Amino acid sequence: MSVLVKRVVVGVDGSPGSLLALRRAAYEALRHQAELCPVLAWELPGGDAPRPSKPTSFPALDALCRRYEKAAEKRLAAACDAVLADIPDIPDGVRLSPAVLRGQPGPALVACSRHDTDLLVLGVGGHRPGHRFRGRSARRYCLKHARCPVLIGYSAVQGSCVGQLAPPGPAGDSRGRGVGRAGGGSCAPAA
């Protein structure tokens, strides 16, 4: 399967799974000589209220949003510094375009990876108590709605594959897609 990849979008939240996904995305960006776009999506605690087109008349809410956005920017910068510093070819071979977006992670990542020439890389989210019941799995949302290939990076510690690739579905396809093996070959655990 030969795919032209111009941009590699990766979801980052600072978790071990997202750091693994960022590392995998960096290698994919190097391999394809593509732009690397780490994305961190954030929401206010308890969910986001509708955003008016003009600044709100609540200065405290505006200040809180700016504080959360600054914290998200610092978290993304720290994650990029920690992971990408170990990869020697990143500064020369890859253009880095980090983005901090307000909103739920799944829709934010799908919006960022809207082109056929994008590759969306996701980590394996943690399984905190009740995560299934909230119905907000970014991975599930991205697999269902992404228009580009989705690469899910698993850790060797979990005994799973290093990466599995889900092909994009047809536009408007609302059915969930299964995950296929990357490159059609075997998926061996990382050494």
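This passage describes the overall fold of a predicted model and then turns to one of its helices and two of its glutamates.

The protein chain contains six helices and seven strands. Read from the N terminus, these elements follow the order β-α-β-α-α-β-α-β-α-α-β-β-β. Of the 191 residues in the chain, 36% are buried. Sequence-distant pairings feature strongly: among contacts between residues at least 6 apart in sequence, 70% join residues at least 24 apart. The accessible surface amounts to about 11200 Å², and carbon and sulfur atoms account for 55% of that area.

Helix α2 offers a handy check on geometry. This helix covers residues 59–84, and its 26 residues should span 38 Å at 1.5 Å a residue; the end C-alpha atoms lie 37 Å apart, so the two values agree. Its buried residues are Cys65, Ala72, Leu76, Ala79, Cys80, Val83 and Leu84. As a helpful reminder, an α-helix has 3.6 residues a turn, so residues three or four places apart point the same way.

Two glutamates invite a closer look. Glu28 sits in helix α1, which comprises residues 16–32. With a relative accessible area of 6%, Glu28 falls under the 20% cut-off and therefore counts as buried. Beyond residues up to four places away in sequence, Glu28 touches Val8, Leu119 and Leu151.

Glu35, in turn, belongs to strand β2 (residues 35–42). Its relative accessibility is 17%, so Glu35 is also classed as buried, being under 20%. The Glu35 side chain forms a polar contact with the side chain of Ser97, at 2.5 Å. Setting aside neighbours within four places in sequence, the residues in contact with Glu35 are Lys6, Arg7, Val8, Arg95 and Ser97.

Conventions: Residues are numbered from 1 along each chain as its sequence is written. This is a predicted model: local features need pLDDT of at least 70, side-chain atom pairs count only at pLDDT 80 or more; totals for chains, interfaces and linings use all residues. Side-chain values use heavy atoms; hydrogens and water are left out. Helices (H or I, at least four residues) and strands (E, at least two) are DSSP runs, numbered from the N terminus. Buried means under 20% relative accessible area, exposed over 50%, partly exposed in between (1.4 Å probe, protein chains only). Contact means heavy atoms within 4.5 Å. A polar contact is a pair of N or O atoms within 3.5 Å; within protein, one must be able to donate a hydrogen and the other to accept it, and residues adjacent in sequence count only if both atoms are side-chain atoms. The expected span of a helix is 1.5 Å times one less than its number of residues. Accessible areas come from the Shrake-Rupley method with a 1.4 Å probe; for residues, only the protein chains shown count as cover.
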